[in-house]
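Student: I would like a close look at one part of this model, with the surroundings brought in where they help. Could you take me through it slowly, in one connected account?

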Amino acid sequence: MSAKPQKKVKNQESAKKPVGPPSGQRLLAWMERHASPAFWVLLLVASARIIATYGVFNHTIDEPAHVACGMEWLDKGRYVYEPQHPPLARIAAAIGPYLAGRRYVGRPTIYQEGAAILYRDNHYDRNLALARLGILPFFWLACAVVYLWGKRILGRAGAVIATFLFTFLPAMLAHGGLATTDMALTATLGAAFLITMIWMEEPTWKHAAILGVCLGGAVLSKLSALAFFPIGCAAALVWHLWAARPGLAEVREAVVRRLPGLGLVALTAALLIWAGYRFSYGHSSMLGMSAPAPEFFQGLGTVSSHNRAGHTAYLLGQRSMAGWWYYYPVVLAVKTPMALLLLLAIGVWLLFRERASAAHGAALALATALGILAFSLFTHINIGVRHILPVYFGFVLVAAYAGVRLLESRRAVQWPSIAAGLFLWMGLTSIFSHPDYLPYFNLMAGNEPEKILVDSDLDWGQDMKRLSARLHELGAREVTFNPFIMAYLEAAHGFPPLRETDPVTPSPGWNAVSLTVLRAARLGLYDQYPDVPLWPDLRQPTERVGASTLLYYVPPNSLPRPVQ
């Protein structure tokens, strides 16, 4: 008789006991409380991972050229070596070697000049590390943009998730560690998009001036900003007008209110761009008259001509000078971690179901990315994901939105678990790709990604140190090899004597083959003989060195004897 009342009291006590929030909400609450330290930890971890790659990889094909042009600006006070790319990132890459005592040498090409600077005084590794360190602040700026943008539209927890996804992206870690222009464009263009959103909501003179600085910095980083910024903003504006459906009077009032600030944006950006070219003034052949910063207009003409002429491109086993409209969608599909793609897909689905302000902010960020991607479908320079890195701002913000919504879900226990599983998958994917962030491909690419892409997505000439070490281990006394980069392979990297590759017949002994030279350039035969069988296509490689180089051993007695 006494057991039943006791059980009733026990049940009443348990009913009064407060039940804590689900695990997903507890995680979000923790991130809200510790957002700032979490951001700094993520930034420091990513920076350490980037710096750890400096000594692993030699320079890529473009790095010496950028260092050379930046050194000309610093040492000679001019910018005429190669104006196709603006000077900001190049100055950043050259300033470290310049402060270490390196100077302009005066070689005939930017690649020879850059190599001479990097190899100067037998301090190659130090010079290259100093050049790459100059780009690291742009990576920091890009991370700050992600965090601040995420905080503005998703809250502090969403900002932490977005920063985590961004700092664990192999493509960001790869190009944040190279002395090139791509990370500088990514950071400054992302900052310009973020400040544009802020200025549209709060059109103050201060915000207009900051936007002008960010926009000027983006144009000084890479001329593609002149297309990416307006098309991204236009896509976001179209989405906003469709979603908000303001009246005509409201639109007219908003335009009139922002017109004076728009003038300040243009003036600030123009002055900054002119300053980037050292306030030069002279004749511009493109304009047919004298103008400020004639090198800027020359660069515009060069980029336009380059795009019209095209660039040797490779995709899915095909080669083209004009490229393909679907090149960049394929690139994003195989170069983006699967976990991020799944979070992005969930986020897009949620955006079309929900009307929350966070959803609208994430949709605007995604619109800027889709605008850039849409423009890129019509370009003829198809040589790597690095050319559209700014799309990842929109991608990670939408993915972070999905993460927040999954974690805070009360409808089903499995949603927070799915989010945690995707975060773990993303983290492990990134960690296991170290240090080969540049040639990273997801599972869809299979075991031979060179059948899909090469060049800066796989083989940018970065594995010469590894190849040298492997040839020493094998005791190779000679190697046949056409390298993809300008480098002092024998004198500085310890290569055995080099022989030039015959595209049709291998040499006896060790033969090394760059995947880009093989697949895209076809060992130099692409232009004249695009369909001639090449010997590497007919033999199995002995091994792969790094991700970018195939190594073959050809026994001397396996080759046909020459006809007498």
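Student: With which residue does R386 form a salt bridge, and how far apart are the closest N and O atoms?

Tutor: The model is a predicted one, and what follows should be read in that light. R386 forms its salt bridge with D62, and the closest N and O atoms of the two are 3.7 Å apart. The pair links distant parts of the chain, since R386 sits in the loop between α17 (357–376) and α18 (391–407), while D62 sits in the loop between α3 (35–51) and α4 (63–76), with the two positions 324 residues apart in sequence. R386 is buried, because its relative accessible area of 6% falls under the 20% limit for that class. D62 is buried too, with a relative accessible area of 17%. The bridge is also part of a wider arrangement, for D62, D182, K222 and R386 are linked in a network of salt bridges.

The number of D182 leads on to a helix, as α10 covers residues 182–201. This helix has 20 residues and reaches 29 Å from its first C-alpha to its last, which is close to the 28 Å expected at 1.5 Å a residue. It is mostly covered, with 18 of its 20 residues buried.

Set against the whole structure, the R386 pair belongs to a search result of 20 salt bridges, and two others are useful beside it. R102 forms a salt bridge with D121, the closest N and O atoms being 2.7 Å apart. That pair, too, links distant parts of the chain, with R102 in the loop between α5 (88–99) and α6 (110–118), D121 in the loop between α6 and α7 (124–133), and 19 residues from one to the other. Here the two partners fall into separate classes: R102 counts as buried at 6% relative accessibility, whereas D121, at 46%, is partly exposed. In the other example, the side chains of D463 and R466 meet at 3.1 Å, N to O; D463 is buried with a relative accessible area of 0%, and R466 is partly exposed with 22%.

From the loop that holds R386 one can turn to the helices on either side of it, α17 and α18. A365 lies in helix α17 and is buried, with a relative accessible area of 0%. Leaving aside neighbours within four places in sequence, A365 is in contact with W149, G394 and L397. A365 and Y392 are 27 residues apart in sequence, and their C-alpha atoms are 9.7 Å apart in space. Both W149 and Y392 appear among the residues with the most contacts inside the largest nonpolar core, a set of 179 residues in which F139, I161, L165 and L467 are also named for their contacts. Helix α8 (residues 136–167) gives the largest share of this core, 19 residues. For F139, the contacts beyond four places in sequence are L43, A46, I50, T167, M172, L173, G176 and M183.

The surface offers a contrast to this interior. L237, L241, V251, V255, L259 and L262 form a nonpolar patch there, with about 480 Å² of accessible area together. The elements giving two or more residues to the patch are α12 (225–244) and α13 (248–276), and α13 gives the most, with four. L237, which is in helix α12, counts as partly exposed at 44% relative accessibility.

Some details of the backbone complete the account. Most residues other than glycine have a negative phi, and most peptide bonds are trans. Against that background, F279 has a phi near 50°; its place is in the loop between α13 and β1, and it is partly exposed, with a relative accessible area of 48%. S280, in the loop between α13 and β1 (281–284), is buried, with a relative accessible area of 15%, and its contacts beyond four places in sequence are W274, A291, P292, A293, P294 and E295. D455 likewise has a positive phi, near 55°, and lies in the loop between α19 and α20, where it is buried with a relative accessible area of 14%. The loop between α19 (414–432) and α20 (464–474) also holds P435, and the peptide bond from H434 to P435 is cis, with omega near -5°.

Terms used
Residues numbered from 1 in each chain as written. Predicted model: local features only at pLDDT ≥ 70, side-chain atom pairs only at ≥ 80, totals over all residues. Heavy atoms only, no water. Expected span 1.5 Å × (residues − 1). Buried < 20%, exposed > 50% of the residue type's maximum accessible area, 1.4 Å probe, protein only. Patch = residues over 30% accessible without salt bridge, like charges linked within 9 Å, V, L, I, M, F, W, Y side chains within 5 Å. Areas by Shrake-Rupley, 256 points an atom, 1.4 Å probe, with all protein chains shown as cover. Salt bridge = Lys/Arg side-chain N within 4 Å of Asp/Glu carboxyl O. Core = buried A, V, L, I, M, F, W, Y, C linked by side-chain atoms within 4.5 Å. Contact = heavy atoms within 4.5 Å.
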